[in-house]
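Please open the structure in your viewer and keep the selection panel at hand. The tour below proceeds stop by stop, stating at each what to select and what is found there.

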Amino acid sequence: MKIAKILNNNVAVVLGDNGKEQVVMGRGLAFQKRVGDELDAQQIEKVFALQSDTLTGRLSELLSDIPLEVITTSELIIANARQQLGQPLHESLSIALCDHCHFAIERHQQGIPIRNVLKWEIKTLYPKEFSLGIEALALIHKRLGVELPEDEAGFIALHLVNAQLGSDFADVSHITQFMQEILHIVKYRLQLDYRTESLSYNRFVNHLKFFAQRMLGKRGVWSEDESLHDVVRDKYPLAYQCAEKIDKHIQQKYLYELSSEERMFLTIHIERVRKETLALQDDADEA
């Protein structure tokens, strides 16, 4: 690999076999090197072969200013998340998480904490990602000697959610807020005490997550067949009335009107949560 650009002693840009730029990283791999020199492959610890030239440029700029230990720790967090979540994570996560960790550490060292106002919601709605955020804090403490507050676990969790959804960080915050609003409406309208470990609750949360993404992107689901919608409305009147309440809320706050198809699926999920929650409550009362 020949060096195309040197970012610092530990990071360089090279041209891959396909002619596209790649960012390579390793302790001291570019020390006393010049553009055009060959790199020792044994010194390369990490290769970032991003599909987007824009992302490669942003990554190059970012890594030139961040200590190697922070970069490697961030990559270990991502590798652990990818393994535990069992699904692809958007390549932009390498940039976003590394930048966030570096900034969080700097803020902490300067005594400037930032409170995560969505921490409770994130912990409730994204338990896997929040748990990974806690593991990330432990790894940062172990490798970098910095003990970040639990609020940062929530921010890291949102980055992981973002990487799964493929939207930007602001969208994820809006999605989380939207989901919490809908969960509150259902909870108080039907007087439910959610069992967050239940299958129906987790299905409902996942449905809301992807519905919110579609809604914020103005990508509705439409169908000309009203027959099934009418069956669901008549069979689950309480859940349907709750879905209508949600529809009014969404129209007023988000200027978005649910299609018949969306109202039907929302009703089905609400009914599942309602029935399973009430059944669990009855079992608890009998016990």
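The stops run from the whole chain to the nonpolar cores, then to single residues in helices and loops, and finally to the empty spaces.

**The whole chain**

Begin with everything displayed as a cartoon, bearing in mind that this is a predicted model. The protein has 11 helices and four strands. Of its 287 residues, 47% are buried. Now switch on the surface: about 15300 Å² is exposed, and 49% of that area is supplied by carbon and sulfur atoms. Contacts across the sequence may be considered here as well. Among those between residues at least 6 apart in sequence, 65% join residues at least 24 apart.

**The nonpolar cores**

Hide the surface and select Val 186, Phe 204, Ile 246, Ile 250 and Ile 270. These are the residues with the most contacts inside the largest nonpolar core, which has 73 residues. Next, centre the view on Ile 246. Which residues is Ile 246 in contact with, leaving aside its neighbours within four places in sequence? They are Ile 182, Ile 185, Val 186, Leu 266 and Ile 270. Two of these partners, Val 186 and Ile 270, were already in the preceding selection.

Then select Val 14, Val 24, Leu 29 and Leu 39. They belong to a second, separate core, made up of eight residues.

**Thr 267 in helix α11**

Select residues 260-286, which form helix α11, and pick out Thr 267 within that helix. Is Thr 267 buried or exposed? Its relative accessibility is 0%, so Thr 267 counts as buried. Show its surroundings: beyond the neighbours within four places in sequence, Thr 267 is in contact with Val 232, Tyr 236, Ala 239, Tyr 240 and Ala 243.

**Ala 212 in helix α8**

Move to α8, residues 199-216, and select Ala 212, which lies in this helix. Ala 212 has a relative accessible area of 0% and is therefore buried. With neighbours within four places in sequence left aside, its contacts are Ile 175 and Phe 178. Add Met 179 and draw a distance between C-alpha atoms: Ala 212 and Met 179 are 33 residues apart along the chain, and the separation is 7.3 Å.

**Leu 132 in helix α5**

Select α5, residues 127-144, and within this helix Leu 132. With a relative accessible area of 5%, Leu 132 falls below the 20% limit and is therefore buried. Outside its neighbours within four places in sequence, Leu 132 is in contact with Asn 80, Ala 81, Gln 84, Leu 85 and Leu 160. A further distance may be drawn to Ala 153, which is 21 residues away along the chain; the two C-alpha atoms are separated by 7.7 Å.

**Two glutamines in loops**

Most residues other than glycine have a negative phi. The next two selections depart from that pattern.

- Select Gln 32, in the loop between β3 (21-25) and β4 (46-48). Its phi is positive, near 60 degrees. Gln 32 is exposed, with a relative accessible area of 71%.
- Select Gln 191, in the loop between α7 (169-189) and α8. Here too phi is positive, at about 55 degrees. Gln 191 has a relative accessible area of 62% and is exposed.

**The largest pocket**

Where empty space is left can be shown by rolling a probe the size of a water molecule over the atoms. The largest pocket holds about 310 Å³ of space. To find it, select Lys 128, Glu 129, Gln 164, Asn 206 and Lys 209, which are the closest to its centre among the 15 residues of the lining. Colour α5, α6 (151-165) and α8, as each supplies at least two lining residues. Which of the helices gives the largest share of this lining? It is α8, with five residues. By class, the lining has eight nonpolar, four polar and three charged residues.

**The largest cavity**

How many cavities of 30 Å³ or more does a search of the whole structure find? It finds one. About 40 Å³ of space lies in the largest cavity. Select its lining: Ala 104, Arg 107, His 108, Ile 112, Pro 113, Leu 148, Pro 149 and Glu 152. Helix α3 (residues 93-109) contributes the largest share, three residues. The lining comprises five nonpolar, one polar and two charged residues.

Note on methods: Residues numbered from 1 in each chain as written. Predicted model: local features only at pLDDT ≥ 70, side-chain atom pairs only at ≥ 80, totals over all residues. Heavy atoms only, no water. Core = buried A, V, L, I, M, F, W, Y, C linked by side-chain atoms within 4.5 Å. Buried < 20%, exposed > 50% of the residue type's maximum accessible area, 1.4 Å probe, protein only. Contact = heavy atoms within 4.5 Å. 1 Å grid on protein atoms, 1.4 Å probe; cavity = no way out; pocket = protein on both sides within 12 Å on 5 of 7 lines; lining within 4 Å. Points joined across faces, edges and corners; volume = space filled by probe spheres on them. Nonpolar A, V, L, I, M, F, W, Y, C, P; charged D, E, K, R; others polar. Areas by Shrake-Rupley, 256 points an atom, 1.4 Å probe, with all protein chains shown as cover.
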